[in-house]
Structures are given as C-alpha cells and as structure tokens.
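Biologist: Please take one part of this model and examine it closely, beginning with a single residue and then setting out its surroundings. I should like every term given with its cut-offs.

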Amino acid sequence: QVQLVESGGGFVQAGGSLRLSCAASGTISINAMGWYRQAPGKQRELVAAVRSDTYTKYADSVKGRFTISRDNGKKMAYLQMNSLNPEDTAVYYCNIGVLTTTTYTPGGYWGQGTQVTVSS
C-alpha cells in the first residue's frame, strides 16, 4: 500500500522560510513527485514537481522563491520555500505522478496535507 506523509508546515511571518518534506512508502515506481496547495475557497493548484532525472516544473507564482528536490533512494521530496508571503497560505499536499517537459499529471496517491500559514 502506497502512503505519502507530509511534514514541515507551520506558522511563519512574511519574508520567512519553511521546508516541507514528503515521505513515500510502499512498492511503487515513481516518475515524479509534486507539491500542490489549496487555499480556502480555491482550487488545488500545482506548486512544483520534480522528475527522477531532476527535471523540475514550477508555478509562475513561486519561481525564484521555492525549490523542489527529491531523494530517489529514500523516496523523499522536499519543498524549500523562501520569501513567503500571505498568498502562500494554504494546505500543501504531496503527490506521485508523471512529469513531461510541459505537464505534470497527478496520480491517485495523496498525502494528508500540511498547513502553511504566513502572516503579514
């Protein structure tokens, strides 16, 4: 059974940083891992994704501020978030999916989410 567990969320002031971690367990071949977020009243949106060959994709709103990385051997993905602002406040979810040069397609496995709150 595949499980994803996120950690690292919290409360931070604008301009601060947080690092999210996602641990995958179970027998699964992972092409890519992605981070999504969902703010209250909004749709879930892709934040960043990273493929096994380290190819990455970012939402325009986080380019230059967030960095996604992964450890293939440990089935871990990370999201370093710098220069946070209140618009980044959301529940952040980890996902296993497929990343091409243009598109990340989420798979059916999701973590429980971790809350990130940024105060102004």
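**An aromatic cluster and its setting**

Modeller: Y36 has a relative accessible area of 9% and is therefore buried; buried means under 20% relative accessible area, exposed over 50% and partly exposed in between, with a 1.4 Å probe and protein chains only. The model is predicted, so that local features need pLDDT of at least 70 and side-chain atom pairs count only at pLDDT 80 or more, while totals for chains, interfaces and linings use all residues. Residues are numbered from 1 along each chain as its sequence is written, and side-chain values use heavy atoms, with hydrogens and water left out.

Rings of Phe, Tyr and Trp (its six-membered ring) pair if their centres lie within 6.5 Å; planes under 30 degrees apart count as stacked, over 60 as edge-to-face and the rest as tilted. This rule yields two aromatic pairs. In one of them, the ring centres of Y36 and Y104 are 6.1 Å apart and the planes stand at 55 degrees, so this pair is tilted. It links distant parts of the chain, 68 residues apart: Y36 belongs to strand β4 (residues 32–38) and Y104 to strand β10 (residues 104–110). Here strands (E, at least two) and helices (H or I, at least four residues) are DSSP runs, numbered from the N terminus. Both Y36 and Y104 are buried.

Y36 also pairs with W110 in an edge-to-face arrangement, at 5.0 Å centre to centre and 70 degrees between the planes. Because Y36 lies in strand β4 and W110 in strand β10, this pair ties together parts that are 74 residues apart in sequence. W110 has a relative accessible area of 30% and so is partly exposed. Ring pairs thus join Y36, Y104 and W110 into a cluster.

Y104 leads on to V98, a residue of strand β9. Neighbours within four places in sequence aside, V98 is in contact (heavy atoms within 4.5 Å) with N31, A32, T103, Y104 and T105. The C-alpha atoms of V98 and N31 are 5.5 Å apart, although 67 residues separate the two along the chain. V98 counts as partly exposed because its relative accessibility is 43%.

Strand β9 also supplies one half of a disulfide, that is, a pair of cysteine sulfur atoms within 2.5 Å. The whole structure holds one such link, formed by C22 and C94 with their sulfur atoms 2.0 Å apart. C22 lies in strand β3 (residues 18–25) and C94 in strand β9 (residues 90–99), so the bond ties together parts 72 residues apart in sequence. The link is left-handed, with -85 degrees about the S-S bond, and C22 and C94 are both buried.

Strand β3 belongs in turn to an open sheet of four strands, ordered β1-β3-β8-β7, with antiparallel pairing; two strands pair if DSSP finds at least two bridges between them. At the edges stand β1 (3–7) and β7, each with a single partner strand, so one side of each has no neighbour in the sheet. Within the sheet, β3 and strand β8 (residues 76–81) pair in the antiparallel sense over six bridges, and L20 faces L79 in β8.
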